[in-house]
Amino acid sequence: MIQTLPAGKILSREHTRCLQGLSIIVIMVLHFVMQTDGYPRFLNLPASVGVAIFMFVSGFGLNESYKAKGLNGFIIKKFKRIVIPFWIFLLLTIPFKEAFTPEWLFNNIFFIKCDLWFVTFLLRWYAAFWIACRFCGRYKTAALFLFGFINLFMSQLESEQAFSFFFGYMTSVKIDSIRHWDARRILTVALSSLALGMAFVLLKEIPYVHSFKGTQIYNIILLFIKMPLGIFVIALPYFFPGVIKSKILGITGLATYELFMVHTPFMAHIDNNTALIPLYTAFSCIMAYYLYRFDKFIAKPGNGPLAAATAIYSGVGYMTICKYTMRATDSFGYVIVTYLCVVLTLVYILMRCNNRDFMRSPKTFYAAVTVMITAMIAVQYHFDPMQIQVDRWSAIHNVIAYLMQGRFPYAAETHLGGFASPFPVWMIFHIPFYFLNNVGLSIIVAAVIFIYVMKRFYGTTAATATAILMTASINLWYEVSVRSDMITNFLLLAAFIIYINKRNIDFTTRTFIISVCCGLWLGTRLSTAFPLFVCLLPGYLRAGAKKMITAPLTIIITFISVFLPLAVWNFDALTGAEYNPFVLQTRQGTPVDSLIMLAVATYFALKWRGNDIRLYTFTAVTMTLLPATAFVHSMYKYDTWTEIFNSMYDITYFNMALPFAIAAIAAAVSSEKASSR
């Protein structure tokens with residue numbers, strides 16, 4: 001005797017999740033099979049039935065959620081759950097594309113001509129549902145039916161699924177009645193749907209009818225195949241409730257949307273080899289799981305800043321490893337994806353293990369720092385600095401050498417024949433390292449200071465996490481290997497911002513000291529202005545009229561003062577040379593870019609509101625947008641949209657954001673709430 005579900009359990013959450021898992025497994029496997037020659041053509045049918053089931057469950061689940069919660073937060077939730085994951089997926093697929101164009105990216109980002117028709121189709125239904133619920137009142141059902149009717153005139157893939165979402169919605173409307181049906185009635189509906197679907201399958205195979213393929217009439221015939229057969233499959237778990245308990249279907253049901261996206265780029269790689277199907281199926285499941293976990297993390301209220309910090313931390317590494325691995329191997333896409341999986345797993349482990357004894361242990365902390373420092377020294381001295389094709393180290397070393405010889409420092413050239421632009425304060429800071437014959441050692445000192453500040457204000461757990469995250473960052477090792485001073489500057493600046501933030505030092509309490517410090521920081525690099533602005537603007541606005549006047553004057557006077565000796569020495573060489581330090585430090589952007597970033601920084605400065613994680617994350621976002629804005633402007637001006645990895649665009653400027661992203665993640669790890677995230 002066939003066992004049935006208990007009364008009231010049909011289309012329960014477990015039931016619908018099982019259906020979603022079943023649908024995506026069928027869709028994914030059959031999509032892979034379709035990439036082989038000679039596959040049975042009837043397999044097209046179950047794949048499209050799987051899409052119908054997914055759309056049905058989407059419509060059903062959306063209306064069930066609406067009945068329970070209304071439209072509260074609807075747009076934000078769907079943006080986080082559908083749009084952001086798709087954008088992340090889109091960026092991940094770029095390394096796998098044979099040809100990249102800005103038009104392709106624009107069309108996909110704004111869903112104008114999306115590679116995945118299903119995502120656009122789903123979003124249109126969500127938009128229609130919101131409009132119907134928000135504006136149509138008691139005519140909501142009629143409005144949704146009308147939208148389904150409009151879909152009949154879309155492409156075949158959309159037309160044959162025109163009412164799948166609507167059927168799910170209507171089932172939710174009538175679910176109370178449906179859950180009172182007995183087994184006989186449910187079986188009758190299921191078998192009737194099967195009979196209807198198969199009748200239209202047979203009708204479609206008639207040669208005369210088949211000749212209408214590609215027309216609206218043919219699409220309507222397909223419509224009467226896909227959803228009726230889908231309804232039959234939807235009813236089956238009622239009679240076989242053991243299927244609902246399947247862990248595989250339950251887990252895949254959670255990540256259905258991610259699996260639908262993730263498996264599509266791998267379809268072309270099957271290349272008529274059936275042996276690869278299990279491999280790419282497993283790989284798709286692993287990638288979908290990571291994307292699902294990250295999507296779920298993003299969607300959880302309050303996790304936005306931490307998710308953004310994690311995205312920046314992994315994203316800057318993504319760009320760096322993409323640039324260099326694509327020169328070494330044709331399989332660079334897989335290397336990149338593997339790297340992203342590793343770093344995201346690392347962040348997840350840190351968040352989950354923050355309260356474990358080994359994370360709070362000083363032994364773990366000192367071991368992590370010792371390993372990091374030892375490796376940094378080994379990496380630096382492994383490379384001959386004169387053979388390095390990056391001249392940031394010699395832009396400082398040679399300038400100081402000229403200074404020590406009594407020659408005007410900005411007359412010095414780098415070991416690659418370039419020009420040098422370190423500001424005076426940055427020169428002075430590096431003099432001790434110059435005498436050690438390795439200005440690159442400054443990065444090690446800066447890393448230790450940064451970790452120490454994290455330990456002082458957030459504890460051993462955060463400091464250990466900081467050391468681990470730094471060690472796991474490919475960008476740090478790039479900076480270390482080329483002896484660059486970029487990351488050094490912003491590690492120290494991040495440490496300073498953490499210090500004054502935790503000590504509540506701002507323009508209201510220490511106006512003169514903070515103003516002088518800001519002037520000195522500008523005397524290292526002009527781009528330090530943006531993190532300082534985000535951190536200090538709230539205090540500046542509370543400081544009072546007198547302090548609001550004296551603070552910027554003190555900053556300007558301090559900044560001018562650090563250049564005064566050089567100006568007296570040779571003013572024309574300091575300011576008049578074609579490649580003077582001010583020109584070199586501003587050549588990546590324009591005044592318009594600066595105004596845009598000033599507006600962005602102002603917004604973030606007013607939004608962090610005393611929350612440490614927000615402060616560090618918003619600063620990281622600002623420092624990511626700073627080079628991005630300049631690059632996009634330049635690409636637009638010179639039509640170089642595909643040249644991001646060429647030498648004209650120095651993507652290492654994105655490393656400015658890295659210390660702040662790490663600070664945000666480590667601060668979250670130290671939080672008592674971190675373990676529950």
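## A tour that starts at Tyr458

Select Tyr458 and show what surrounds this residue: leaving out neighbours within four places in sequence, Tyr458 is in contact with Ile498, Asn501, Lys502, Asp612, Tyr616, Ala667 and Ser670. Before going on, keep in mind that you are looking at a predicted model.

Now colour the helix that holds Tyr458, which is α22, residues 442-472. Is Tyr458 buried or exposed? Tyr458 is buried, because its relative accessible area is 14%, and buried means under 20%. For a distance to try in your viewer, pick the C-alpha atoms of Tyr458 and Leu537: they are separated by 23 Å, and the two residues are 79 apart along the chain.

**Stop 1: zoom out**

Show the whole chain as a cartoon. How many helices and strands does the secondary structure come to? There are 31 helices and zero strands. Along the principal axes, the C-alpha atoms fill a box of roughly 95 × 50 × 50 Å.

The chain has 677 residues, and 51% of them count as buried. Switch to a surface view and you are looking at about 31500 Å² of exposed area, with carbon and sulfur atoms supplying 66% of it. Then colour by charge: there are 53 positive and 30 negative charges, and their mean positions are 14 Å apart.

One more number goes with this wide view. Take the contacts between residues at least 6 apart in sequence: 77% of these join residues at least 24 apart.

**Stop 2: helix α10**

Select residues 183-204, which form α10. This helix has 22 residues and reaches 31 Å from its first C-alpha to its last, close to the 32 Å expected at 1.5 Å a residue.

Next, show the side chains of Ile186, Ala190, Ser193, Gly197, Phe200, Val201 and Lys204, the buried residues of α10. Why do they sit on the same side of α10? They cover an arc of only 110° around the axis, and therefore share one side of the helix. Turn the helix to the face away from that buried side, and you will find the exposed residues Arg184 and Leu202.

To see what the buried residues pack against, add α2 (44-69), α11 (207-210) and α12 (216-239). Then zoom in on Ser193, a residue of α10. Ser193 counts as buried at 9% relative accessibility. Which residues does Ser193 touch, not counting those up to four places away in sequence? Select Pro228, Leu229, Ile231 and Phe232 to see them.

**Stop 3: helix α5 and the loop before it**

Move to residues 117-135, helix α5. Its 19 residues reach 27 Å from the first C-alpha to the last, close to the 27 Å expected at 1.5 Å a residue.

The buried residues of α5 include Phe118, Phe121, Trp125, Tyr126 and Phe129. Cys133 and Ala132 are also among the buried residues of this helix. Bring in the helices that help to cover them: α2, α3 (74-93), α6 (140-151), α7 (156-159), α8 (164-173) and α14 (256-263) are included. You met α2 at the last stop, where the buried residues of α10 pack against it.

Just after α5, click on Gly137, which takes a positive phi of about 55°. Then go to Phe111, in the loop between α4 (102-109) and α5. Phi of Phe111 is near 55°, a positive value in a residue other than glycine. Phe111 counts as buried, at 19% relative accessibility.

**Stop 4: Asp271**

Select Asp271, in the loop between α14 and α15 (276-299). Here, too, is a positive phi in a residue other than glycine, with a value near 50°. Is Asp271 buried or exposed? Asp271 is exposed, with a relative accessible area of 62%.

**Stop 5: helix α25**

Finish with residues 511-522, helix α25. This helix has 12 residues and reaches 17 Å from its first C-alpha to its last, close to the 16 Å expected at 1.5 Å a residue.

Show Thr511, Ile514, Ser515, Cys518, Gly519, Trp521 and Leu522, the buried residues of α25. They cover an arc of only 160° around the axis, so they lie on the same side of α25. For the last view, add α24 (486-502), α26 (529-541) and α27 (545-576), the helices against which those buried residues pack.

Note on methods:
Residues are numbered from 1 along each chain as its sequence is written. This is a predicted model: local features need pLDDT of at least 70, side-chain atom pairs count only at pLDDT 80 or more; totals for chains, interfaces and linings use all residues. Side-chain values use heavy atoms; hydrogens and water are left out. Helices (H or I, at least four residues) and strands (E, at least two) are DSSP runs, numbered from the N terminus. Buried means under 20% relative accessible area, exposed over 50%, partly exposed in between (1.4 Å probe, protein chains only). Contact means heavy atoms within 4.5 Å. Accessible areas come from the Shrake-Rupley method with a 1.4 Å probe; for residues, only the protein chains shown count as cover. Lys and Arg count as positive and Asp and Glu as negative; His and the chain ends are not counted. The place of a charge is taken as NZ of Lys, CZ of Arg, CG of Asp or CD of Glu. The expected span of a helix is 1.5 Å times one less than its number of residues. The arc is that of the directions from the helix axis to the C-beta atoms.
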